[in-house]
Amino acid sequence: MRINKKKFIYLISPNKIYPQFYFNLKEVLKTGKISIFQLRLKKYSITQKIIIGKKIHKICKKNGVKFLVNDDPMLSKKLNADGCHLGQKDMSITEARKILGNKIIGITCHNSIELAKDAIKRKASYIAFGAFFSTKTKKVKFRATTKILNKAKKLTKIPIVAIGGVNIHNYKKLLLNNANLLAISGYVWNNKKYKPLETIEKLK
């Protein structure tokens with residue numbers, strides 16, 4: 001999985017799909033800064049996720065953005081997505097590969113080099129670390145520092161994703177310390193100061 005340096009944003013869906021969302025998504029993806037979009041909806045039924053996922057997949061395809069599904073390889077297959085993202089409590093990479101074959105499978109490694117080594121051994125497409133900063137999107141059980149990004153870079157050539165509280169004030173620090181992709185959600189969708197497109201444009 002290759003990452004274009006200009007496309008350093010890994011965008012995660014808001015927790016709630018609001019009426020203006022699809023319009024905002026089109027605007028944001030047109031900027032050419034997003035590599036991956038992840039559908040992460042915890043409180044929706046599978047039927048709702050399929051309807052929403054199909055719409056998002058179309059928009060992603062049009063803009064050359066990879067479309068991933070969080071936690072659920074079966075849903076990823078149903079939507080013919082480009083792959084899925086796994087948490088440590090989800091299905092193993094090996095099991096997910098049986099369902100998705102050669103597609104993108106990324107995994108959360110929190111703040112652990114041991115988990116990263118295991119993921120690399122199991123042929124993960126990318127590894128994600130965090131949370132680096134405080135975030136309101138989800139409860140933070142693990143805190144990571146830039147040291148882990150630099151350690152991980154010595155182990156592997158697969159992309160490294162940094163997640164958790166990424167914003168205009170701290171994102172450059174992560175990019176300068178070997179993060180290939182920055183996972184962002186709340187800062188784009190729930191920003192009180194800027195609209196989604198304005199927020200993305202500020203991340204240069």
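How many helices and strands are there in the chain?

**View 1. The whole fold, as a predicted model.** Count along the chain and you'll get nine helices and eight strands. Keep in mind that what you see here is predicted. The C-alpha trace spans about 40 × 40 × 30 Å along its principal axes. For 204 residues, a compact globule would have a radius of gyration near 17 Å, and this chain comes in at 16 Å, which agrees.

**View 2. Inside and contacts.** Of the 204 residues in the chain, 50% are buried. Now take contacts between residues at least 6 apart in sequence: 58% of them join residues at least 24 apart.

**View 3. The outside of the chain.** The accessible surface adds up to about 11,200 Å². Carbon and sulfur atoms account for 53% of that surface. As for charges, the chain carries 45 positive and 10 negative ones, and the mean positions of the two sets lie 4 Å apart.

**View 4. A close look at Cys60.** Why doesn't Cys60 form a bond with Cys84? The closest cysteine sulfur to that of Cys60 belongs to Cys84, but it sits 15 Å away, so the two are too far apart for a bond. A disulfide would need the sulfurs within 2.5 Å. Cys60 is also buried, with 0% relative accessibility.

**View 5. Cys84 and its closest cysteine sulfur.** Seen from Cys84, the closest cysteine sulfur is in Cys109, at 14 Å, which is again too far for a bond. Cys84 counts as buried too, at 0% relative accessibility. Across the structure, the disulfide tally is zero.

Note on methods. Residues numbered from 1 in each chain as written. Predicted model: local features only at pLDDT ≥ 70, side-chain atom pairs only at ≥ 80, totals over all residues. Heavy atoms only, no water. Buried < 20%, exposed > 50% of the residue type's maximum accessible area, 1.4 Å probe, protein only. Helix = DSSP H or I, 4+ residues; strand = E, 2+ residues; numbered from the N terminus. Rg over C-alpha atoms; globule rule 2.2 N^0.38 Å. Contact = heavy atoms within 4.5 Å. Areas by Shrake-Rupley, 256 points an atom, 1.4 Å probe, with all protein chains shown as cover. Lys, Arg positive; Asp, Glu negative; His and termini not counted. Charge placed at Lys NZ, Arg CZ, Asp CG, Glu CD.
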